Amino acid sequence: MAELGSRVTVVQRGPRLLDREDGRLCALVSEQFERDGIDVRTGTQVSAVGRDAHGVVAHLDDGTRVEADVMVLAAGRRPRVEGLGLDEVGVDTGGGAVAVDERCRLAPGLWAVGDLTGRAMFTHVASYQARVVTDNLLGTDHRADYTGVPRVVFCHPEVAAVGLTQEQARGAGMDVVVSEVDLSEELARPWTFEAEPRGRLGLVADRASGVLVGAWAFAPLSSEWIHTAALAVRAQIPVSTLRRSIFQFPTFAQGYLAALDRLET
């Protein structure tokens, strides 16, 4: 909306945007938003909303106000368990999400997929769970594994991530090594894609095991090429093997080679 000429204000209750992602990625997104003229306000939230002769007025709990034509509230989501008759078959719904086993089974003859399970509430995860259930219904043993689920924010440029952030990896006791590359300095593809080339890629690896445990990208089309990292994290492909891979020229995916070479594993 900002690039189309609208004046946009983003109010974030937490201390930073995308606060579940890597701190470096959050900083890059905030900097880009500011360059785009977006007013980013963190550490505050809307306490009251009203209307005046000019439109909507949002009063923030830090004493400031935002005037706008339209306000969009991101209220989050929760599993919808009401009205499905689950309590009639003995399924406990008191905690919101229902507890399924590794085959997405609630009870004998009863299965659940999607947000109802409370597992990584994305459409692509629900589709994956549907494949797990289908296989088991047809006699093929298939156990769900949620390692390496990609996460994408479809802003401009796109935000994509997978696996652990460096903070999470360190919290898990790993000997963490990280790298970051400016794709416009390393690759030809950003220059053939847009007039003002941009993009960054970050990797998180465990030195002891020599595998990637996380990755993030803030770059054009990153929703498409984050899957290289997702596969590497899921299959625990050694960094040494990834370094010997051959990537098509010119593509954004070539950035993995530059970032892998900077990992001190």
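**Exercise 1. Find the strand order of the open sheet of 3 strands, and say which strands form its edges.**

Start with the order: this open sheet runs S3-S4-S5, with antiparallel pairing. Next, look for strands that pair on one side only; these are strand S3 (46-52) and strand S5 (65-68). On average, neighbouring strands here are turned by 20° against each other, direction ignored. Keep in mind as you work that this is a predicted model.

**Exercise 2. Work out how many bridges join S4 to S5, and which residue stands opposite Ala58.**

Take strand S4, residues 55-60, and set S5 beside it: the two run antiparallel and are joined by 4 bridges. Now go to Ala58 and look across to S5, where Val66 stands opposite.

**Exercise 3. Trace the open sheet of 5 strands and decide which strands stand at the edges.**

The order to trace is S8-S9-S12-S11-S10, again with antiparallel pairing. Strand S8 (151-153) and strand S10 (176-182) each have a single partner strand, so one side of each has no neighbour in the sheet. From one strand to the next, the twist averages 10°.

**Exercise 4. Follow the pairing from S10 through S11 to S12, and name a bridge partner at each step.**

Step one: S10 and S11 run antiparallel and share 7 bridges. Within this pair, Asp182 has Arg200 in S11 as its bridge partner.

Step two: strand S11 (residues 200-206) is joined by 7 bridges to strand S12 (residues 211-219), also antiparallel. Here the bridge partner of Asp206 is Val211 in S12.

**Exercise 5. Is S10 largely enclosed or left open by the rest of the structure?**

Count residues under the 20% cut-off for relative accessible area that defines buried. In S10, 5 of the 7 residues are buried, so this strand is largely enclosed by the rest of the structure.

**Exercise 6. Identify the strands that helices H1 and H6 lie across.**

Begin with helix H1 (residues 23-35): it lies across strand S9 (158-163), S10, S11 and S12, at about 5° to S12. Then turn to helix H6 (residues 222-235), which lies across S8, S9, S11 and S12 and runs at about 10° to S9.

**Exercise 7. Describe the setting of Pro238.**

First place the residue: Pro238 is in the loop between H6 and helix H7 (239-243). Then check its exposure: with a relative accessible area of 34%, Pro238 is partly exposed. Finally, leave aside neighbours within four places in sequence; Pro238 is then in contact with Gly210 and Val211. That second contact residue is familiar from Exercise 4, where Val211 was the bridge partner of Asp206.

Methods
Residues are numbered from 1 along each chain as its sequence is written. This is a predicted model: local features need pLDDT of at least 70, side-chain atom pairs count only at pLDDT 80 or more; totals for chains, interfaces and linings use all residues. Side-chain values use heavy atoms; hydrogens and water are left out. Two strands pair if DSSP finds at least two bridges between them. Axes are lines fitted to C-alpha atoms, for helices over the stretch in contact, and angles run from 0 to 180 degrees between N-to-C directions. Contact means heavy atoms within 4.5 Å. Buried means under 20% relative accessible area, exposed over 50%, partly exposed in between (1.4 Å probe, protein chains only).
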